[in-house]
Amino acid sequence: MKKLKFCTFLSFLLWIHAPESLGQSSEPPLSLKGVQGNDVELPCDISPPTPDDEVALVLWYRDDSSTPFYSLDARRGGSPGHGRHSSSDRYATRTYFSTLSKPATLQLVTVTEKDKGTYICRVDFKKARTRYSEISLSIIIPPKKPVITNENGEIVKKVVGPYKEGDRLKLLCESEGGNPTPKLTWWRGSVLLDDTFDISPTKTSFNKLELRDLRRQDVFTELSCLASNNDKSVPPSASVKIDMTLKPLVLDIDGMDQILSANKLVKLQCRTAGARPNVTITWWLGSKEMKRTTYITADGGNITISTLSLKPSKEDAGKYMSCRAENPLIPGSALENGWKLVVHYKPDLTLRLGSKLRHSHIQQGNDVYLECNIIANPWVTEIGWKFEGKELHTNTSAGIIISNQSLVLQKVGRTSRGRYSCTATNSEGQGESNALHLKVQFSPRCKSGQKVVYGAARQESVKVLCEVEADPGNVSFHWRFNSTKEIPELVTFTSDETRSTATFIPRTEYDYGNLFCWASNKVGIQRKPCVFKVVPAGPPDTLKNCSLRNQTEHVIEVECIEGNNGGLNQYFVMEVHDKNFQILRANITAPEPTFQAENLPAGTNFLVVVYAVNSKGRSHPLVMRTSTLPAPQTQSRRDAVWQMRFSPVLIVLVAIVAGLVVIAFVIVIAMKIKAQYHRQKGKSTSNDIPKENETINWANNKRPNGSTDAYKSWDPVETEKLPPSVPLLRADHEISSKLVIEMSERLPEKSQDDGDTQLFKLTGRNRMISPVETYDYLDVKHTGF
């Protein structure tokens with residue numbers, strides 16, 4: 001038993017010390033390189049030399065160590081795959097022997113420089129001799145990541161630049177460490193640019209790259225520097241991109257050379273491309289920079305579009321319009337394109353007198369010609385002339401001659417005075433010149449619209465204003481009184497330029513008549529005098545033709561025609577009473593006989609009294625019967641009406657009442673006709689002039705003044721129904737219940753002109769009135785009833 005144990009121990013020692021006893025391995029040595037930080041596989045052939053043999057034991061040794069650091073014992077398992085693996089503590093987590101690969105390999109994980117050395121693999125077979133494999137492992141240490149610096153020694157990492165076209169680029173790539181010494185190379189993409197490198201005394205590898213004359217195509221080009229010292233790992237590298245500042249490459253203007261219209265908005269576009277990082281686009285009209293622009297970019301910023309909003313004027317025609325694009329970072333990089341503007345505009349006209357004429361010397365009877373100067377593009381197709389806004393045409397009989405751009409006025413007079421203008425038309429529209437006011441000096445003439453009838457009482461002075469039109473306005477006046485007996489002492493006057501005021505005092509009834517006023521200036525004497533009529537002053541006449549212009553729920557509007565003012569200024573009054581003259585609803589005074597009463601109750605009957613007033617008294621009142629419109633019914637009330645039901649008994653009662661009303665109406669009409677017949681019969685036997693204490697009743701609604709009954713809707717109003725507030729002839733006289741008029745004296749007729757009326761005198765009153773005033777007392781119109 002002791003002999004057996006000794007033999008086993010001896011065999012084990014022989015296995016362990018076999019390399020020393022044998023001296024060399026049975027396989028040629030193998031050299032392997034590993035990269036620091038990477039995994040390494042050490043091969044070992046464990047295949048048996050004969051099919052009937054098997055692996056019994058695999059041992060791994062390093063360098064001169066007699067102790068294996070890794071073992072695979074398959075003596076009990078029957079095959080290497082079922083053998084027992086064991087390793088030293090140093091390699092416990094970093095080694096594993098794989099028997100599946102061919103050949104089998106010992107895997108070393110994350111090798112370091114310390115793993116460098118000679119590795120021996122011993123394979124014992126159950127039958128064959130022991131096999132030895134020797135592997136020499138060397139460790140490669142990769143270099144550090146390269147560092148790129150520019151010509152200023154500044155480290156650049158992502159972008160280098162910016163550079164301009166034609167600049168020279170210089171870059172230095174350096175890499176420290178590495179075993180063996182790394183090789184530095186420059187690449188543009190997959191193209192090798194430079195593989196020449198040097199080693200500094202500090203064992204640092206470096207490579208200088210120089211690119212001459214950078215071009216536009218180099219923008220954003222990526223340059224890479226690789227530091228490589230083996231073919232087993234990816235070499236560390238550093239990359240930069242070239243940034244470049246580029247000037248504009250192209251410049252185009254959309255809409256260039258088009259014809260523009262003055263004062264019409266147009267949009268012009270200027271398009272540039274190729275500039276980076278940005279471009280400045282400016283528009284110029286001559287030497288003036290235009291500001292109304294907008295910008296947009298396209299194609300990733302490579303294209304910039306500027307839009308100009310332009311409203312040209314006629315003064316811009318012929319000016320140079322240009323678009324300029326430049327990169328402000330590159331001096332002298334501007335591109336410019338432009339053209340001369342062609343602007344069409346409406347005719348611009350200037351009207352002036354002929355070259356030998358002056359305004360201060362144009363008198364009536366002279367010939368005048370006007371010249372129209374035209375500036376237009378395109379040229380005009382039609383020329384016209386206007387006088388006071390109305391078109392002029394050639395009229396030789398009236399002395400108007402038009403010849404293209406000239407207007408001739410022969411023997412001008414006062415009617416030739418006014419504003420003249422010329423017009424011209426082209427494709428852009430019509431233009432009109434300035435208005436030239438032609439002044440024609442003329443002799444005085446009466447100014448229209450002035451007061452010509454003046455009223456005055458005896459021994460009362462009246463001031464008569466005479467106003468003339470004249471050019472020049474420095475005129476002199478003289479007056480003359482025309483009557484059967486001329487008394488110049490009655491008239492004195494003063495003058496102020498074109499106005500003269502005469503003071504006239506009639507002393508007897510023969511002093512009423514016409515006053516004549518003449519004026520003269522340096523052009524001549526007034527041909528026709530101004531005629532003024534002086535009449536006896538009295539109250540105004542009754543208003544005429546009153547009508548209801550507007551009628552609503554709360555408003556009535558009345559319009560009348562004024563009568564004679566009695567030779568004095570007059571104003572007009574309207575009173576609105578309820579139908580019984582108990583309440584005065586409105587009292588309105590107006591300079592014209594147009595009245596509007598507001599805030600009246602709806603659906604109410606009124607008596608409207610209108611009359612005229614001057615300093616001598618009041619006219620006869622005119623009474624109008626009217627009403628406001630009823631207020632509109634509400635919807636609920638209308639619905640209630642429509643929902644009423646009529647019984648047959650109610651219908652019979654309504655029919656009976658209606659019949660009685662018709663019979664009563666017929667009886668009243670018959671009595672009215674009979675009474676009117678007897679009244680007319682009595683009048684036919686009486687005198688035409690009313691006698692003393694005779695009552696005048698206008699219930700039949702006749703017009704004693706001879707006017708026609710134009711208003712059939714007037715209703716008669718008895719005089720005794722008028723309240724004292726309604727004036728008749730004078731404000732200081734009470735009004736009796738009956739109007740009594742007595743004809744006491746008829747004066748001789750004194751005609752001032754063809755329109756003078758006969759004068760009458762009322763008994764008991766110291767003033768003169770006409771028969772028309774007497775018989776116009778009650779004109780009553782009925783509306784709305």
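Hi everyone, let me start right in the middle of the chain: strand β22 (residues 266-273) pairs with β26 in the antiparallel sense over eight bridges. Strands here are DSSP runs of E with at least two residues, numbered from the N terminus, and two strands pair if DSSP finds at least two bridges between them. Before I go on, a word on the source: this is a predicted model, where local features need pLDDT of at least 70, side-chain atom pairs count only at pLDDT 80 or more, and totals for chains, interfaces and linings use all residues. Residues are numbered from 1 along each chain as its sequence is written, and side-chain values use heavy atoms, with hydrogens and water left out.

Back to β26. To find the register with β22, look at Val 266, whose bridge partner in β26 is Leu 310. Strand β25 (residues 293-298) also pairs with β26, antiparallel, over six bridges, and there Thr 293 stands opposite Leu 308. β25 and β26 make a hairpin with four residues between them. One for the backbone people: Asp 299 in that turn has a positive phi of about 55°. How many residues of β26 (residues 303-310) are buried? Seven of the eight, so the strand is largely enclosed by the rest of the structure. By buried I mean under 20% relative accessible area; exposed is over 50%, and partly exposed is in between, with a 1.4 Å probe and protein chains only.

Strand β35 (residues 418-426) is another enclosed one: eight of its nine residues are buried, so the rest of the structure largely encloses it. Let me go through its partners. Strand β31 (residues 382-387) runs antiparallel to β35 and is joined to it by six bridges, with Glu 382 partnered by Thr 425. Strand β36 (residues 429-432) is also antiparallel to β35, over four bridges, and here Thr 425 stands opposite Gln 430. β35 and β36 form a hairpin with two residues between them. Then there is strand β37 (residues 436-438), antiparallel to β35 with three bridges, where Gly 418 has Leu 438 as its bridge partner.

Now for a sheet with mixed pairing. It is an open sheet of five strands, in the order β21-β29-β30-β34-β33. β21 (259-261) and β33 (400-403) stand at the edges with a single partner strand each, so one side of each has no neighbour in the sheet. Neighbouring strands are turned by 20° against each other on average, direction ignored; the axes are lines fitted to C-alpha atoms, and angles run from 0 to 180 degrees between N-to-C directions. At one edge, β21 and strand β29 (residues 342-353) pair in the parallel sense over three bridges, and Leu 260 has Val 343 as its bridge partner in β29.

Next, the packing. As a reminder, nonpolar side chains tend to be buried together in soluble globular proteins. The largest nonpolar core here has 23 residues; such a core is a set of buried Ala, Val, Leu, Ile, Met, Phe, Trp, Tyr and Cys residues joined through side-chain atoms within 4.5 Å. Among those with the most contacts inside this core are Leu 42, Ile 46, Trp 60 and Phe 97. The largest share of the core, four residues, comes from β8. Leaving aside neighbours within four places in sequence, Ile 46 is in contact (heavy atoms within 4.5 Å) with residues including Val 58, Pro 80, Phe 97 and Arg 131.

Last topic: charges. What is the count of salt bridges? It comes to 27, where a salt bridge is a side-chain nitrogen of Lys or Arg within 4 Å of a carboxyl oxygen of Asp or Glu. Take Lys 127 and Asp 52, whose side chains meet at 3.4 Å, N to O. Lys 127 sits in the loop between β8 and β9 and Asp 52 in the loop between β2 and β3, 75 residues apart. Lys 127 is exposed at 59% relative accessible area, and Asp 52 is exposed as well, at 51%.

Arg 276 and Asp 243 form another salt bridge, with the closest N and O atoms 2.5 Å apart. Arg 276 lies in the loop between β22 and β23 (280-285) and Asp 243 in strand β19 (residues 237-245), so the pair ties together parts 33 residues apart in sequence. At 18% relative accessibility, Asp 243 counts as buried. Finally, Arg 168, Glu 210 and Arg 212 are linked in a network of salt bridges. Thanks, all!
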